[in-house]
Amino acid sequence: EMDGPRLARVKGWQGTAETWHTVEAALFADCSGDSVLAPLTGAAFRSGREAAAEFGEDIEPETADPLTMGMSCLLQVREYPTPQPYTPPAWANHYTPDDVPLHHPGRGHHVPGGNFWYIELGGEADSIHDTERLRDELLKVAFGVWDHIKNQADHGAANWALDWVGFLPGKRESRRYVGDHIMTQNDVRAGGRFPDVIAYGGWSMDDHHPAGILHPGAPTIFHPAPSPYGIPYRCLYARNLENLFCAGRNISVTHAALSSTRV
């Protein structure tokens, strides 16, 4: 509920207790990642990739589009002293030794030492409203990748077994609030030398391909960024509301800058 340009109260459903709660406050902070309060309050937000010319960013595409980085389903595996056979569920994807996406050097899958962040989909879909459907597809990929590792050639995984599978996809990008400053790729590269620095980043601009594991080429491009670089206070609130702040991957940044600030 709004009081002019101020957010006065929020009513929410608490799922486990099955109760409604109304929260009234002088200040609100949306740290949901998906900026859940933005469409409810009229707060300005962006999603997708900006056109390169809008902010002079060479990472961005020539034409703006709704594509995002995808979401990942992570695996955790455990080593045992004896061989651990694995039979995948019948609905899992099947990856042969000739499947191109899985054999790009950027998708290493030898055990130990592997990291399954590239089990990724969703950048070409709606990264909020399609999450449940994408979760199902990601599970097919995840169990199929493990089947490939266990049963296709030697990946050093004979004594390894699945220990945990993420049933809640790890999301990289959706809605981003628009603050009094929109941090760009160029701000990151310049070291974020703002007078109102309130936080720091340091990860490279790690821009995942929207198609995720369906993309036959490199799953991500690591564009260089200084470490650390400053993030200004003006990126941590909605510019058209007086009392709505944000923190996390939904702050006021372009897609290109987000590829670093999200980490």
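## Strand pairing around β7

In this predicted model, Met 71 has Leu 121 of strand β9 as its bridge partner. The two strands concerned, β7 (residues 71-72) and β9, run antiparallel to one another and are paired over two bridges. They belong to an open sheet of three strands, ordered β9-β7-β11, in which the pairing is antiparallel. Because β9 and β11 (170-171) stand at the edges with a single partner strand each, one side of each is left without a neighbour in the sheet. As background to this description, strands of a sheet pair through backbone hydrogen bonds, in either a parallel or an antiparallel sense.

## Salt bridges

How many salt bridges does the structure hold? The count is 19, and several of them can be described together with the accessibility of their partners.

Arg 46 and Glu 50 form one such bridge, with their closest N and O atoms 3.3 Å apart. Arg 46 counts as partly exposed at 24% relative accessibility, whereas Glu 50, at 4%, counts as buried. A second bridge joins Asp 163 to Arg 78, and here the closest N and O atoms are 3.1 Å apart. Since Asp 163 lies in strand β10 (residues 160-165) and Arg 78 in strand β8, this pair ties together parts that are 85 residues apart in sequence. Both ends of the bridge count as partly exposed, Asp 163 at 33% relative accessibility and Arg 78 at 43%.

A further bridge is formed by Asp 206 and Arg 262, whose closest N and O atoms are 3.3 Å apart. This pair links distant parts of the chain, with Asp 206 in strand β14 (residues 205-208) and Arg 262 in the segment after α5 (255-261), 56 residues apart. Asp 206 counts as buried, its relative accessibility being 6%. Salt bridges that share partners also create a network, in which Arg 46, Glu 50, Glu 54, Glu 173 and Arg 176 are joined; the bridge between Arg 46 and Glu 50 has already been described above.

## Aromatic pairs and cluster

A search of the whole structure finds seven aromatic pairs. One of them is made by Trp 91 and Phe 143, which meet edge-to-face with 5.5 Å from centre to centre and 90° between the planes. Trp 91 is located in the loop between β8 (75-79) and β9 (120-121), while Phe 143 is located in helix α3 (residues 131-151), so the pair ties together parts that are 52 residues apart in sequence. Trp 91 is partly exposed, with a relative accessible area of 45%, whereas Phe 143 is buried, with a relative accessible area of 14%.

Tyr 237 and Phe 245 make another edge-to-face pair, for which the centre-to-centre value is 6.4 Å and the angle between the planes is 75°. Why is Tyr 237 classed as buried, and Phe 245 as partly exposed? The relative accessibility of Tyr 237 is 16%, which falls under the 20% cut-off for buried residues, while Phe 245 has a relative accessible area of 23%, between that cut-off and the 50% above which a residue is called exposed. Elsewhere, Phe 116, Trp 117 and Tyr 118 form one aromatic cluster.

## Charges over rings

Which aromatic ring has Lys 11 over its face? The ring is that of Trp 20, and Lys 11 lies at 5.0 Å from the ring centre. An arginine has a comparable description: the charged end of Arg 175 sits over the ring of Phe 45, at 5.9 Å from its centre.

## Surface patch and strand β4

Trp 203, Phe 222 and Val 263 make a nonpolar surface patch of about 330 Å². Of these residues, Phe 222 has its place in strand β15 (residues 220-223).

Thr 22 belongs to strand β4 (residues 19-24) and counts as partly exposed at 49% relative accessibility. From Thr 22 to Asn 250 the separation is 228 residues in sequence and 23 Å in space, taken from C-alpha to C-alpha.

Definitions and conventions
Residues numbered from 1 in each chain as written. Predicted model: local features only at pLDDT ≥ 70, side-chain atom pairs only at ≥ 80, totals over all residues. Heavy atoms only, no water. Patch = residues over 30% accessible without salt bridge, like charges linked within 9 Å, V, L, I, M, F, W, Y side chains within 5 Å. Areas by Shrake-Rupley, 256 points an atom, 1.4 Å probe, with all protein chains shown as cover. Salt bridge = Lys/Arg side-chain N within 4 Å of Asp/Glu carboxyl O. Helix = DSSP H or I, 4+ residues; strand = E, 2+ residues; numbered from the N terminus. Phe/Tyr/Trp six-rings, centres within 6.5 Å; stacked < 30°, edge-to-face > 60°. Buried < 20%, exposed > 50% of the residue type's maximum accessible area, 1.4 Å probe, protein only. Lys NZ or Arg CZ within 6 Å of the ring centre and 35° of its normal. Pairing = 2+ DSSP bridges.
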